[in-house]
Amino acid sequence: MNTLMIQYMLANPEWADVLTDEDKRALTPLFWMHIQPYGEVRLTMGSRLQLAHPVPQDPDPEPAAG
């Protein structure tokens, strides 16, 4: 997940002139400040993260007639 967030940020043209080469060399997906190893984790399995492009979702299939 961290790698995808960094890729998305680097692909954004707004950051092209902000980050120096030194800044880019310091980037790592190994940051963990957002992780709570002993805290509460809330997962929402009914939704997707909007990273770069929205993923079209299939409509709910109709129940089989029976």
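This tour moves from the whole chain to two residues, asparagine 2 and lysine 24.

**The whole protein**

Please begin with the full model in view, bearing in mind that it is predicted. The protein has 2 helices and 0 strands. A surface display would show about 6,800 Å² of exposed area, of which carbon and sulfur atoms supply 58%. Of the 66 residues in the protein, 6% are buried.

**First stop: asparagine 2**

Select residues 2-11, which form helix 1, and then asparagine 2 within that helix. Is asparagine 2 buried or exposed? Its relative accessible area is 10%, so asparagine 2 counts as buried, the cut-off for that class being under 20%.

Next, display the residues around asparagine 2. Beyond its neighbours within four places in sequence, asparagine 2 is in contact with Pro29, Phe31 and His34. Which backbone atom does the side chain of asparagine 2 reach at 2.9 Å? That atom is the backbone oxygen of proline 29; proline 29 is also one of the contacts listed above.

**Second stop: lysine 24**

Now select residues 21-26, which make up helix 2 and include lysine 24. Lysine 24 has a relative accessibility of 39% and is therefore classed as partly exposed, a class that lies between the 20% limit for buried residues and the 50% limit for exposed ones.

To finish, add leucine 10 to the selection and draw a line between the C-alpha atoms of leucine 10 and lysine 24. The line spans 8.9 Å, while the two residues stand 14 residues apart in sequence.

Technical notes:
Residues are numbered from 1 along each chain as its sequence is written. This is a predicted model: local features need pLDDT of at least 70, side-chain atom pairs count only at pLDDT 80 or more; totals for chains, interfaces and linings use all residues. Side-chain values use heavy atoms; hydrogens and water are left out. Helices (H or I, at least four residues) and strands (E, at least two) are DSSP runs, numbered from the N terminus. Buried means under 20% relative accessible area, exposed over 50%, partly exposed in between (1.4 Å probe, protein chains only). Accessible areas come from the Shrake-Rupley method with a 1.4 Å probe; for residues, only the protein chains shown count as cover. A polar contact is a pair of N or O atoms within 3.5 Å; within protein, one must be able to donate a hydrogen and the other to accept it, and residues adjacent in sequence count only if both atoms are side-chain atoms. Contact means heavy atoms within 4.5 Å.
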